[in-house]
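Please work through the following exercises with the coordinates open beside you, trying each task before reading its solution.

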Amino acid sequence: MTSDQIATNYAGDIDIVNAHRNNQFYLRLQKQVRKTGKILVLGKRKVGHELSLEQFHGIDKSLSLDVEVARLKQMALQKYLGAEIDYLKHTTALCGMYVFETSCCNVQHKTQTGGFTSSISTRSLPLMQAFAGGLSQQTMTENRHFLLKGLDEQIRTGKVHSIRLEHNSRGVPTLRQEVVNLNTMKVTPHFLLIEAATYLLRLCQSSPVRIRYAEGTTIATRDVSLCRGFLFRQYHYGWQSVLAGAWDGKSATLHLPVCQSNSQVTIEEFNLYRICAVVPFQTTGK
């Protein structure tokens, strides 16, 4: 298979509504997330319920998907680079650049208090324009300059320049330049995060599940249910509020009812990136 044939699988127009490029690359990832409920994270796999590009074969079956993406991205960036970049050595950064340039990404990192904060970020000018309702030529030029500044260093360090999409205190769309460290931050195409969260919520509504969850250096077990009958028994006519409050529809954080060993039920917070396994209750042996 030639490089041109492979490249066509990564080409395609940007889907503004769903904030990603329409191509076989994203379609393949979407099918896998819908099938497994696992969340795709750039970089190497860290916990059991995460997917990474290295787990997939590329269109060229002799390469893993992350290496294939990195090679294509390295070739595309060559005219901007001051020196030859080894795509096998800097695979994570090159893959990160491709995904940021072709989608809006959820970026999560730890706060100083031990919690998590997340934002939506992209390197795609069309997605920035759609979010802001249009951009001046000056703003586009400034952002393009920021994204390309020190490109060699971005790739070598894995600290990629991107533009955060947020609303200010008055609700006005705002673009903020930021640096995303792909070595320490969790990065996922945002539409795939939504797919993963939706899968988990549907599973919890159809059957109780056992979630194995990373808490520091230990793995805890939580029995969770969003089944209508269970919610009604516990919360009566407030069950719909519990269901509606389980997820805000955009973040990696869910609030789910947990069955304690003393038969009490409490609402606990779960972060998608810390889930190690999800097992439908009927297969847990309890």
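The exercises below concern a predicted model, and each task is followed by a stepwise solution.

**Exercise 1. The sheet**

Determine in which order the 5 strands of the open sheet are arranged, and which of them are the edge strands.

Solution. Step one is to follow the pairing across the sheet, which gives the order 8-7-6-5-9, with antiparallel pairing. Step two is to look for strands that pair on one side only, and these are strand 8 (173-181) and strand 9 (186-189), the edge strands. Step three concerns the twist, which averages 40 degrees from one strand to the next. As a last step, take one pair in detail: strand 7 (residues 159-167) and strand 8 are joined in the antiparallel sense over 9 bridges, and Glu166 has Thr174 in strand 8 as its bridge partner.

**Exercise 2. Two packed helices**

Decide whether helix 3 and helix 4 are roughly parallel or roughly perpendicular to each other.

Solution. Begin with the geometry: helix 3 (residues 65-77) packs on helix 4 at an angle of about 75 degrees, and the two axes are 8 Å apart. Since angles of 65 to 115 degrees count as roughly perpendicular, the two helices are therefore roughly perpendicular to each other. Next, list the contact residues, among them Val69, Ala70 and Lys73 of helix 3, and Leu94, Tyr98 and Glu101 of helix 4. Sorted by character, the residues of this contact comprise 8 nonpolar, 2 polar and 3 charged.

**Exercise 3. The surroundings of Glu101**

Find which residues Glu101 touches, not counting residues up to four places away in sequence.

Solution. First place the residue: Glu101 belongs to helix 4, which spans residues 91-102. With those sequence neighbours set aside, Glu101 touches Lys73, Arg123 and Ser124. Then examine the side chains, where Glu101 makes a polar contact with the side chain of Lys73 at 2.3 Å.

**Exercise 4. Helix 8 and a salt bridge**

Establish which strands helix 8 lies across, and which parts the salt bridge between Glu195 and Arg34 ties together.

Solution. Helix 8 (residues 190-206) lies across strand 5 (105-110), strand 6 (116-122) and strand 9, and runs at about 90 degrees to strand 9. For the second part, recall that side chains of opposite charge can pair when their charged atoms come close. In the salt bridge of Glu195 with Arg34, the closest N and O atoms are 3.0 Å apart. Glu195 lies in helix 8 and Arg34 in helix 2 (residues 24-36), so the pair links parts that are 161 residues apart in sequence. The count for the model comes to 11 salt bridges.

Terms used:
Residues are numbered from 1 along each chain as its sequence is written. This is a predicted model: local features need pLDDT of at least 70, side-chain atom pairs count only at pLDDT 80 or more; totals for chains, interfaces and linings use all residues. Side-chain values use heavy atoms; hydrogens and water are left out. Helices (H or I, at least four residues) and strands (E, at least two) are DSSP runs, numbered from the N terminus. A polar contact is a pair of N or O atoms within 3.5 Å; within protein, one must be able to donate a hydrogen and the other to accept it, and residues adjacent in sequence count only if both atoms are side-chain atoms. Contact means heavy atoms within 4.5 Å. Two strands pair if DSSP finds at least two bridges between them. Axes are lines fitted to C-alpha atoms, for helices over the stretch in contact, and angles run from 0 to 180 degrees between N-to-C directions. Angles under 35 degrees count as roughly parallel, over 145 as roughly antiparallel, 65 to 115 as roughly perpendicular and the rest as oblique. Ala, Val, Leu, Ile, Met, Phe, Trp, Tyr, Cys and Pro count as nonpolar, Asp, Glu, Lys and Arg as charged, and the others, Gly among them, as polar. A salt bridge is a side-chain nitrogen of Lys or Arg within 4 Å of a carboxyl oxygen of Asp or Glu.
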